[in-house]
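Open the model in your viewer and keep the selection box handy. We will go from one stop to the next, with a look around at each.

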Amino acid sequence: MHSKFHRLYEPIKINQMALKNRLMALSGVSASTVKMFGGINAAEQVAKGGAAIINTVMSDVDDPKSNFYPGSLYTLRKSERDKIRSWVNRIHQYGAKYMIEMDHVGEYYRAVGDDFALGTTTKINEKGIRVKGMDEADMQRIREAYQRTAKDAVDLGFDAILFDCAGGW
């Protein structure tokens, strides 16, 4: 008797990326801060367990307002690249692909004082934070931030990119 999930363990090709099976795992690793990103052991365990593709969960794009917390450092910054590249290699050693989820928190940026978050419309959000509706220049800057981050992720060896654009856009 065939299970309705019998194809889960069959290889699949998505565009140019060949996966050894159809199992995707969230590693439980949030890349939004390097300290949390240090949970590479969780990602390595699911790769070792046979998952074909591991998702890092979330990485902020290279923009000052992309993380929830003002003053946060860009996750894929130059000072961390050797370490991140070694983590990607740890996933690859098990035949798994490593996907990074790129995020910009938009109106959920936790602005303080005179600072503001960016969103689709100007308003005060449910947290009482001032949100500025983006203009063309803001949209271009955020687009370029996604582009820089995608290039950095590819340069670091990530195999796939998930664009998370649900930050109140």
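Two strands count as paired here if DSSP finds at least two bridges between them. With that in mind, and remembering that this is a predicted model, begin at the strands.

**Stop 1: β9 and its partners.** Select residues 130–133, which make up strand β9. Then add residues 117–119, strand β7: the two run in the parallel sense and share 3 bridges. Across this pairing, Leu118 stands opposite Lys132 of β9.

Now bring in β8, residues 123–124, which joins β9 in the antiparallel sense through 2 bridges. Here you will find Ile124 opposite Arg130 in β9. Follow the chain from β8 to β9 and you trace a hairpin with 5 residues between the strands; pause in the turn at Gly128, whose phi is positive, about 80°.

Before leaving, which residues of β9 lie on its covered face, and which on its uncovered one? Val131 and Gly133 are on the covered face, while Arg130 and Lys132 are on the uncovered face.

**Stop 2: helix α4.** Select residues 136–155 next. The 20 residues of α4 should span 28 Å at 1.5 Å a residue, and the end C-alpha atoms are 29 Å apart, which agrees. Colour Asp138, Ile142, Ala145, Tyr146, Thr149, Ala150, Asp152 and Ala153: these are buried. They cover an arc of only 165° around the axis, so they sit on the same side of α4. Turn to the face pointing away from that side, and the exposed residues Glu136, Ala137, Lys151 and Val154 come into view.

What do the buried residues of α4 pack against? Show β5 (59–60), α3, β6, β7, β9 and β10 (160–164) to see their neighbours.

Both ends of the helix deserve a zoom. At the start, a side-chain oxygen of Asp135 comes within 3.1 Å of the backbone nitrogen of Ala137. Just after α4, Gly157 has a positive phi of about 100°.

**Stop 3: the nonpolar cores.** In soluble globular proteins, nonpolar side chains tend to be buried together. The largest nonpolar core here has 18 residues, and Ile54, Leu76, Ile91, Tyr98 and Phe158 touch the most other members. Display α2 (40–48), α3 (81–92) and β6 (97–103), each of which supplies at least two residues of this core; α3 gives the most, with 4. A second core, apart from this one, has 8 residues, including Val61, Met102, Leu118 and Met134. Leu118 takes you back to the residue that stands opposite Lys132 in β9.

How values were computed: Residues are numbered from 1 along each chain as its sequence is written. This is a predicted model: local features need pLDDT of at least 70, side-chain atom pairs count only at pLDDT 80 or more; totals for chains, interfaces and linings use all residues. Side-chain values use heavy atoms; hydrogens and water are left out. A nonpolar core is a set of buried Ala, Val, Leu, Ile, Met, Phe, Trp, Tyr and Cys residues joined through side-chain atoms within 4.5 Å. Buried means under 20% relative accessible area, exposed over 50%, partly exposed in between (1.4 Å probe, protein chains only). The expected span of a helix is 1.5 Å times one less than its number of residues. The arc is that of the directions from the helix axis to the C-beta atoms. Contact means heavy atoms within 4.5 Å. A polar contact is a pair of N or O atoms within 3.5 Å; within protein, one must be able to donate a hydrogen and the other to accept it, and residues adjacent in sequence count only if both atoms are side-chain atoms.
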